[in-house]
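Here is a friendly walk through one protein model, from the overall build down to single residues. Have the structure open as you read.

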Amino acid sequence: MQDRPIHQSLHPSLLPILDPEYIAFHNKYMRYIPRDESSIWDGSARYTPSLPPGGSPVVDVGETIDVEVGEEEERFGVRVYLPARREKEAGGLRDEGVDGLPVFVWFHGGGWAIGGVEDSKDFLTRVCRDNRCAVITVSYRLSPEHPYPAPILDALKTLDWIYSQPLQSRSMHFDTKRISIGGTSAGANLAIVLALKVAENPGRFPHLLKALVGIVPVVDNTAMNPFEDEEYEEGREEEIRRGEKGFWHVNRHAPWLTPTRMLWYRNMYMPNPADWRNWDASPNLAPEELLRKLPPVWFAVSECDLLAPEAMAFAEKVEDLGVHAERYVVKGGTHSILALNGVLERGREMVEEAVRVVGRGMRS
């Protein structure tokens, strides 16, 4: 075992901070996995797991339906999880309330380049079962074949599809007044952008979203690490917190999602750096009048994640604008917290809270 090459060592400065369970798991499995960005992109990362199995068991739901949305070359897939039916004396109809089932729309992570409807099944089936809601996970088109803004267009089309009541033939309909959205990492970026697009287009989407759930979200696609590897200088805490000198500097040694890996994915999604400052790439740069219209926000932020400072700063910004914004901080957590919720106690606790938050939004 000791002869295996180590590709991803933990930085010594993190050892006093990281979750001990994560350190043990990383040193047993993750440090031996080559970095995605160490290879030229050939698509193989989509079929070779970059993380060892670490999820929780998938729970039973009533029905799982895979559907294609869109037309011709712009088609993409969605998976719909439906809760189990509560049988009634006449007809055995699904117990969905007067206006239909509430909906939770989910966007997977993977740097806009990998991932799909198989991701986060453990979490999403829990959301479906425990909250008796429809969960729709979106297999948006991936870069580099389909770069920005293709995934955003797919997110919008998904919401159009929900509004069209596509499952009426199954005697089931969605309650479009009770839609919440969420995602993890790059998918959380898409969820934030979609929430802003909904606010921008009340004619197209007449009902307000109930909640926005982001787990380790990408918020600022202009973020860099301008200090490189130079020593941290006193007096820069405030400017870094505001992002003026690079959100990434604080957690530049974070495991797994490193600055080089993040840029590797970003450059495939947005090969033109001029797009990085568009607010539908970096939602922290959206006009304040749109940001004020966001639904209640809940972010799960891992303390030792490269993206933690930008997520915290965005939550603070929208809170200052009057939006209800909660931050759930996973102490010692990393960017892999959701994928490893089955082997890390702090990941399990985060999932429990996220499931509860989705349900709370649907009941509000």
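Let's start with how the chain is connected. Among contacts between residues at least 6 apart in sequence, 74% join residues at least 24 apart, where a contact means heavy atoms within 4.5 Å. Keep in mind that this is a predicted model, in which local features need pLDDT of at least 70 and side-chain atom pairs count only at pLDDT 80 or more, while totals for chains, interfaces and linings use all residues. Residues are numbered from 1 along each chain as its sequence is written, and side-chain values use heavy atoms, with hydrogens and water left out.

**The overall build**

The protein has nine helices and eight strands; these are DSSP runs numbered from the N terminus, with helices being H or I of at least four residues and strands being E of at least two. Its radius of gyration is 20 Å, close to the 21 Å that the globule rule gives for 364 residues, so the protein is as compact as a globular protein of that length. That radius is taken over C-alpha atoms, and the rule is 2.2 Å times the number of residues to the power 0.38. Along the principal axes, the C-alpha atoms fill a box of roughly 70 × 50 × 40 Å.

How much of the protein is buried? Of the 364 residues, 56% count as buried, which here is under 20% relative accessible area, with exposed being over 50% and partly exposed in between (1.4 Å probe, protein chains only). The accessible surface comes to about 15900 Å², and 51% of that belongs to carbon and sulfur atoms; areas come from the Shrake-Rupley method with a 1.4 Å probe.

As for charge, there are 41 positive and 54 negative side chains, and the centres of the two sets lie 4 Å apart. Lys and Arg count as positive, Asp and Glu as negative, and His and the chain ends are not counted.

**Helix α2 and its surroundings**

Which helix is worth a closer look? Try α2, where eight of the 11 residues are buried, so the helix is largely enclosed by the rest of the structure. The buried ones are D122, F123, L124, T125, R126, V127, C128 and N131. Their cover includes strands β2 (76-82), β3, β4 (134-139) and β6 (212-215), along with helix α9 (345-363).

F123 also has an aromatic partner. The structure holds 11 aromatic pairs, counted when rings of Phe, Tyr and Trp (its six-membered ring) have centres within 6.5 Å; planes under 30 degrees apart are stacked, over 60 edge-to-face, and the rest tilted. W106 and F123 make an edge-to-face pair, 5.2 Å centre to centre with 65° between the planes. This pair links distant parts of the chain, with W106 in strand β3 (residues 101-107) and F123 in helix α2 (residues 121-131), 17 residues apart. Both W106 and F123 are buried. Elsewhere, ring pairs tie W41, W264 and Y265 into a cluster.

**Backbone oddities**

Where does R132 sit? It is in the loop between α2 and β4, and its phi is near 45°, a positive value in a residue other than glycine. E72 has a phi near 45° too, and lies in the loop between β1 (63-69) and β2. Is each one buried or exposed? R132 counts as buried at 18% relative accessibility, whereas E72 counts as exposed at 64%.

Two cis peptide bonds also turn up, and this table lists them.

| Cis peptide bond | Omega | Place of the proline |
|---|---|---|
| S143 to P144 | about 5° | P144: loop between β4 and α3 (150-163) |
| Y148 to P149 | near 5° | P149: loop between β4 and α3 |

**Two buried helix residues**

T158 is found in helix α3. At 1% relative accessibility, T158 counts as buried. Leaving out residues up to four places away in sequence, T158 touches F76, V78, V105, I136 and V138.

A308 belongs to helix α8 (residues 308-320). This residue counts as buried at 7% relative accessibility. Apart from neighbours within four places in sequence, A308 is in contact with N251, V301, S302 and E303. How far apart are the C-alpha atoms of A308 and T158? They are separated by 28 Å, with the two positions 150 residues apart along the chain.

Conventions
The place of a charge is taken as NZ of Lys, CZ of Arg, CG of Asp or CD of Glu.
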